[in-house]
Amino acid sequence: MSKEVELIMPKMGESIAEATILKWLKNEGDAIEMDESVLEIATDKVDSEVPASISGILSKRLFKEGDVVPVGKAVALIAVQGSDGASTMPPGANGQIKEAKAAETVPYVPAANVEAQPAQPLHNIGEGGRFYSPLVLNIARSENIPMPELETVAGTGKEGRVTKKDILQYVENRKTAPQQQVPVQSQKLSAEQLAKSYSVDVPVYPGDEIVEMDRMRKLIADHMVMSKHVSPHVTSFVEADVTNIVKWRERVKAAFEKREGEKLTYTPIFIEAVVKAIKDFPGVNVSVSGDRIIKRKNINIGMAAALPSGNLIVPVIKNADTKNLVGITKEVNDFANRARANALKPDEIQGATFTLTNVGTFGNLMGTPIISQPQVAILAVGAIKKKPVVMETEYGDIIAIRHMMFLSLSYDHRVVDGMLGGSFLRKIADNLEAFDTKREY
């Protein structure tokens, strides 16, 4: 006798409430082994696969490719052969034996109370505090749905969030439902302002090639534009003498790799210096929610990593203040390797409270990075270059060849003023310059 067990959309992190089905790897009727991948999914953060929670036969796929499914909802049914009516489902399997409920439709309710007004920029957080995913915002923009109207859309996602299905259903019903009478002049003004805010007319000349953005690039673009609208960016610069670090690394890197089985790069050393500075200046380890400041208890450092596709991803070293240099090195190398292989888990690229990006990897001296919301600061480290520097000694000033590096800090001027931002950046440089060359690892 067989029973059907639900394959549940797994929880992929605190801030992820839904995922889009990219591709089904198994067809109905296929045999499935436990932990075998059944489908590929995508979140606003990363792509991943959903494994089977139990061995059996894929009896029914409850959603199509392209559908957005809330976390915790069944995506498929797996037929399991039991003995004397008993299920072979192992303890703790993330499946439940019950029938899947039909997906609910979201009715369109004309926004009668929304006054006609010029379009406002669409942000991930609405005035009512509801979060909107980049995908939902892109659809709203393409359909000329302003934020006041978007706020009226009923959401079926977690905590009332608007899912892709919600917004598409709303758009479909919006086309056929009686429309509120809005003065023609207001409609025209709204469309013009929206165009000026988010796009420009770009001519295409003979021989030009048009390439569509992939899904990740669209998400990055939306997030960057949103961040510049949300946070008033200020960038400060400082130059640090990292000669001691360069010489120490050259001296110990071979022994380090032999003992730890890991290559020692500069990134873990930079992260260590950042963590120490955050402890002295915790005001940069915060987030802003409306008119509230959220002071983060944990110090989670995001490390920007370039992908072979040219896109960017930011894995996060959680509780970096509790790890020594060896532990940070192992995580940095592991994340970098798995990022290139597109093998990061959704939970590994969220929760950062501060981000570090190494523009020096590409030979750049400095940069003005964009803050990754909801953080309030991001550090860019430039290329290490030899240059003549005036040094003070007990015998007077001398000119010496030193290894120098620029650091630039972009910070949210709503909560980080010049004194805090500048002092924090200077402290990072001081930590690097005071590096102990006698330390082992």
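Start by selecting His-403: not counting residues up to four places away in sequence, this residue touches Ala-240, Asp-241, Val-242, Thr-243, Val-246, Ile-384, Lys-385 and Lys-386. Keep in mind as you look around that this is a predicted model. His-403 sits in strand 19, which covers residues 396–412. Is His-403 buried or exposed? Its relative accessible area is 15%, so it counts as buried, because buried means under 20%.

Now zoom out to the whole protein chain. You can count nine helices and 19 strands. Of the 441 residues, 43% are buried. The chain exposes about 23,600 Å², with carbon and sulfur atoms supplying 52% of that area.

Next, select residues 243–260, which form helix 6. This helix has 18 residues and reaches 24 Å from its first C-alpha to its last, close to the 26 Å expected at 1.5 Å a residue. Where is helix 6 kinked? Center your view on Val-252, and you will find a kink of about 50°. Color the buried residues of the helix: Thr-243, Ile-245, Val-246, Trp-248, Arg-249, Val-252, Phe-256 and Glu-260. Their cover includes strand 9, helix 7 (267–280), helix 8 (325–340), strand 19 and helix 9 (418–433). Just after helix 6, stop at Gly-261, which takes a positive phi of about 70°.

Stay here and show some charged side chains. Side chains of opposite charge can pair when their charged atoms come close. Glu-250 and Arg-249 meet in a salt bridge at 3.5 Å, N to O. Glu-250 is partly exposed at 45% relative accessibility, while Arg-249 is buried at 15%. Then select Arg-259 and Glu-260, whose closest N and O atoms are 2.8 Å apart in another salt bridge. Add Lys-330 and Glu-440 to the selection: with Arg-259 and Glu-260, they are linked in a network of salt bridges.

For a further pair, jump to Lys-26 and Glu-36, whose side chains form a salt bridge of 2.7 Å, N to O. Lys-26 lies in the loop between strand 2 (18–24) and strand 3 (31–32), and Glu-36 in the loop between strand 3 and strand 4 (37–42), so the pair ties together parts that are ten residues apart in sequence.

Finish at the surface with Phe-237, Leu-365 and Met-366, which make a nonpolar patch of about 270 Å². Phe-237 belongs to strand 9, residues 233–241, and is partly exposed at 42% relative accessibility.

Technical notes: Residues are numbered from 1 along each chain as its sequence is written. This is a predicted model: local features need pLDDT of at least 70, side-chain atom pairs count only at pLDDT 80 or more; totals for chains, interfaces and linings use all residues. Side-chain values use heavy atoms; hydrogens and water are left out. Helices (H or I, at least four residues) and strands (E, at least two) are DSSP runs, numbered from the N terminus. Buried means under 20% relative accessible area, exposed over 50%, partly exposed in between (1.4 Å probe, protein chains only). Contact means heavy atoms within 4.5 Å. Patches are made of residues with over 30% relative accessible area and no salt bridge: like charges are joined within 9 Å, nonpolar side chains (Val, Leu, Ile, Met, Phe, Trp, Tyr) within 5 Å. Accessible areas come from the Shrake-Rupley method with a 1.4 Å probe; for residues, only the protein chains shown count as cover. A salt bridge is a side-chain nitrogen of Lys or Arg within 4 Å of a carboxyl oxygen of Asp or Glu. The expected span of a helix is 1.5 Å times one less than its number of residues. The bend at a residue is the angle between axes fitted to the seven residues ending there and the seven starting there.
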